[in-house]
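Me: I am new to reading protein models, and I would like to go through this one slowly, with the reasoning spelled out at each step.

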Amino acid sequence: MMTCEKAETTARICWRLPDGRETVSKARMGERLLDAAIRAGVFLDAVCNGKGTCGKCAVQVLRGEAGISDADRRLSGAEDLKNGWRLACRLTVCGPLTVRVRAFCPEIKTAGMECPAAAPERTPDGRRMIAVDLGTTTLAAVLTDSDGQILAQETAANPQRVYGADVITRIQASNEGKKEELRVCVCKALEQMFERLCAGADAGRVREIAIAGNTAMLHLLRGYSCETLGRAPFTPVTLQAERLDYRAVFRESALFDGCTVCLLPGLSAFVGADITAGLFSSGFLETDESETALFLDLGTNGEMAAGNGQGFLTASTAAGPALEGAHLSCGVAGVAGAVCRVSFLYHRVRVQTVGQKKPCGICGSGALDAVAALLKEGLLDKDGLLAPPYFENGFALAQDENGRDIALTQADIREIQMAKAAVRAGMDTLLFRYREKTGKRAKPDRIYLSGGLGTYLSAETAAAVGLVPPEWKGRITVCGNSSLRGAVRFLTDSACAREMENIRLRHGGISLAEDPLFRRRYIDAMGFPEEMA
């Protein structure tokens with residue numbers, strides 16, 4: 001990163017955002033533009049935690065001094081460099097700048113739950129509650145009444161992505177002194193969502209907020225130390241449910257005076273409250289003792305459970321952020337404009353985007369769909385090699401509003417293979433250990449698919465890329481955002497809180513990282529199904 005020797009102490013930064021708005025802030029001379037962006041509330045994607053390796057925090061410098069770093073040369077083409085595109089994490093502020101933001105974290109358009117067509121009749125007590133899914137990539141919240149009717153919903157990208165795409169990099173950032181920054185930025189984002197949910201007649205009537213999330217996300221929300229969470233034996237500060245005054249978590253607000261915030265209970269360091277909520281709301285716990293069910297929550301991490309309502313085993317595999325779009329060259333979260341469906345018609349590629357908007361990138365489900373389509377078209381082989389015409393520059397799926405190709409590259413496919421292999425190997429290992437422990441069937445009678453990826457992934461694509469065996473396709477139930485649904489149940493079902501605590505008693509966990517079977521299955525799962533190639 002370049003140094004700056006100018007005498008001034010601050011510089012004016014004008015940010016031009018993708019939605020046409022402009023915002024102005026001050027930056028300290030000599031600081032990274034990425035740090036200035038964070039303080040200005042302009043949350044760029046920085047999935048590598050600002051290490052200059054992912055290339056996602058690129059901005060276009062329209063006016064001002066902008067040197068070219070080694071990382072810029074390595075990750076950007078000559079044309080982009082000529083047009084002023086620079087990595088914000090490598091750009092030192094040496095004077096006033098006007099920059100265009102490309103990768104601003106936009107609002108996400110679906111929460112995975114449906115609002116009623118018309119507002120329901122108000123309940124006699126008039127109580128309102130908010131349920132939250134605190135995801136690594138996505139924040140989702142709904143306003144509900146005491147009957148469980150969804151009155152409004154809000155979703156957004158988790159602004160903590162600027163500190164890294166996955167929980168491991170955020171734990172590292174917290175342990176490197178950014179704990180308070182991580183807490184404040186996600187609290188602000190949630191507070192803004194709460195205010196939008198409660199606009200109008202519902203203002204001041206919310207009495208309770210329930211939050212489900214993985215263990216690391218809840219630690220970061222509370223400002224807990226992640227020191228013991230990030231190293232063996234991976235000990236959380238707490239896994240128990242917490243009931244707190246609103247002001248103990250968020251800033252004081254007249255809207256939520258007297259409101260209680262409930263953090264749902266988790267199961268282990270890497271199987272958190274989002275899975276507790278998902279197991280409760282998906283139907284998994286209603287599975288008969290004679291059957292074996294498999295619960296898969298697919299997002300930045302792959303959490304899973306095998307068993308039934310009488311008892312089950314859980315595991316977590318570090319699938320990495322590729323399945324939610326991060327670490328892909330043109331990857332984005334499931335935002336409006338993200339390519340989420342890919343197919344071929346008469347050998348011509350066709351795409352569908354979230355919200356039917358102009359393509360802006362490709363999300364995890366779109367990437368897996370693209371892999372399945374390329375396999376079927378014969379442009380990708382079972383080992384994951386693209387056909388020679390596309391090996392160097394990738395296969396272009398669409399173009400964004402600036403005419404840039406949105407492509408799936410050979411490196412992207414390798415990321416997808418590793419993520420897919422981790423999930424498949426974890427699932428196979430968990431089912432094997434479940435049979436070994438209980439003597440019950442290792443082949444699931446029912447599969448509940450949940451999480452950011454699970455909301456959009458089709459059973460056909462899951463089988464085509466080898467995520468599940470083809471014969472399991474008919475057993476899959478797509479649950480959408482089961483974590484959010486579970487948080488609603490926690491608020492509206494008086495027996496739910498007690499039942500979620502009891503889930504811990506029926507739970508056993510295994511460590512995939514220490515299991516030799518997982519390592520063998522991981523290598524086997526790297527390829528794609530031969531019959532599809």
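Me: Which helix gives the most to the lining of the second largest cavity?
Reply: This is a predicted model, and by the rule used for it the count comes to five cavities of 30 Å³ or more. The second largest cavity has a volume of about 110 Å³, and of the 13 residues that line it, the closest to its centre are Leu218, Thr238, Leu239, Gln240 and Leu264. With three residues in that lining, the element that gives the most is helix 5.

Me: How many of the residues lining the second largest cavity are charged?
Reply: The lining can be divided by residue type, and in the second largest cavity seven residues are nonpolar and five are polar. The number of charged residues in that lining is one.

Me: Which strand gives the most to the lining of the second largest pocket?
Reply: The second largest pocket has a volume of about 710 Å³, and 29 residues line it, with Phe234, Phe270, Ser316, Ser511 and Ala513 the closest to its centre. The elements that give two or more residues to this lining are helix 4 (167-197), strand 14 (311-317) and strand 22 (507-509). By type, the lining residues divide into 16 nonpolar, eleven polar and two charged. The element that gives the most, with four residues, is strand 14.

Me: Is Phe234 buried, partly exposed or exposed?
Reply: Phe234 is placed in the loop between helix 5 (215-222) and strand 10 (242-245), and its phi is near 60°, a positive value in a residue other than glycine. To count as buried a residue must have under 20% relative accessible area, and to count as exposed it must have over 50%. Because the relative accessibility of Phe234 is 35%, this residue counts as partly exposed.

Me: Is His347 buried or exposed?
Reply: His347 also has a positive phi in a residue other than glycine, near 65°, and His347 lies in the loop between strand 15 (338-345) and strand 16 (348-353). Since its relative accessible area is 66%, His347 is exposed.

Me: Which element gives the most to the largest nonpolar core?
Reply: In soluble globular proteins, nonpolar side chains tend to be buried together. Here the largest nonpolar core has 104 residues, and those with the most contacts inside it are Trp15, Leu33, Ile130, Ile209, Ile211, Leu221 and Phe250. Giving twelve residues to this core, the element that gives the most is helix 4.

Me: How many residues are in the second, separate core?
Reply: This other core includes Ala319, Leu397, Ile406 and Ala464. One of these, Ile406, is found in strand 19 (residues 405-408), and with a relative accessible area of 2% Ile406 is buried. Although Ile406 and Ala464 both appear in this core, they are 58 residues apart in sequence and 22 Å apart in space, C-alpha to C-alpha. The number of residues in this second core is 54.

Me: What is the relative accessible area of Val261?
Reply: Val261 is found in strand 11 (residues 260-263). Leaving aside neighbours within four places in sequence, Val261 is in contact with Ile209, Ile211, Glu242, Arg243, Leu244, Tyr246, Val249 and Phe250. Phe250 in turn touches Cys187, Leu190, Glu191, Phe194, Ile211, Leu221 and Val261, not counting residues up to four places away in sequence. Val261 is buried, and its relative accessible area is 0%.

Me: How many disulfides does the structure hold?
Reply: A disulfide is a covalent bond between the sulfur atoms of two cysteines, and a pair counts as one here when the sulfur atoms are within 2.5 Å. Cys14 is in no disulfide, with the nearest cysteine sulfur, that of Cys94, 18 Å away, and Cys259 is in none either, with the nearest cysteine sulfur, that of Cys262, 8.4 Å away. For the structure as a whole, the number of disulfides is zero.

Me: Is Cys259 buried or exposed?
Reply: The cut-off for buried is under 20% relative accessible area, and Cys14, at 5% relative accessibility, counts as buried. Cys259 has a relative accessible area of 0%, and therefore Cys259 is buried.

Key. Residues are numbered from 1 along each chain as its sequence is written. This is a predicted model: local features need pLDDT of at least 70, side-chain atom pairs count only at pLDDT 80 or more; totals for chains, interfaces and linings use all residues. Side-chain values use heavy atoms; hydrogens and water are left out. Buried means under 20% relative accessible area, exposed over 50%, partly exposed in between (1.4 Å probe, protein chains only). On a 1 Å grid over the protein atoms alone, a cavity is a set of points where a 1.4 Å probe fits but cannot get out, and a pocket is an open set with protein on both sides within 12 Å along at least five of seven lines; lining residues have an atom within 4 Å of a point. Grid points are joined across faces, edges and corners, and a volume is the space filled by probe spheres set on the points. Ala, Val, Leu, Ile, Met, Phe, Trp, Tyr, Cys and Pro count as nonpolar, Asp, Glu, Lys and Arg as charged, and the others, Gly among them, as polar. A nonpolar core is a set of buried Ala, Val, Leu, Ile, Met, Phe, Trp, Tyr and Cys residues joined through side-chain atoms within 4.5 Å. Contact means heavy atoms within 4.5 Å.
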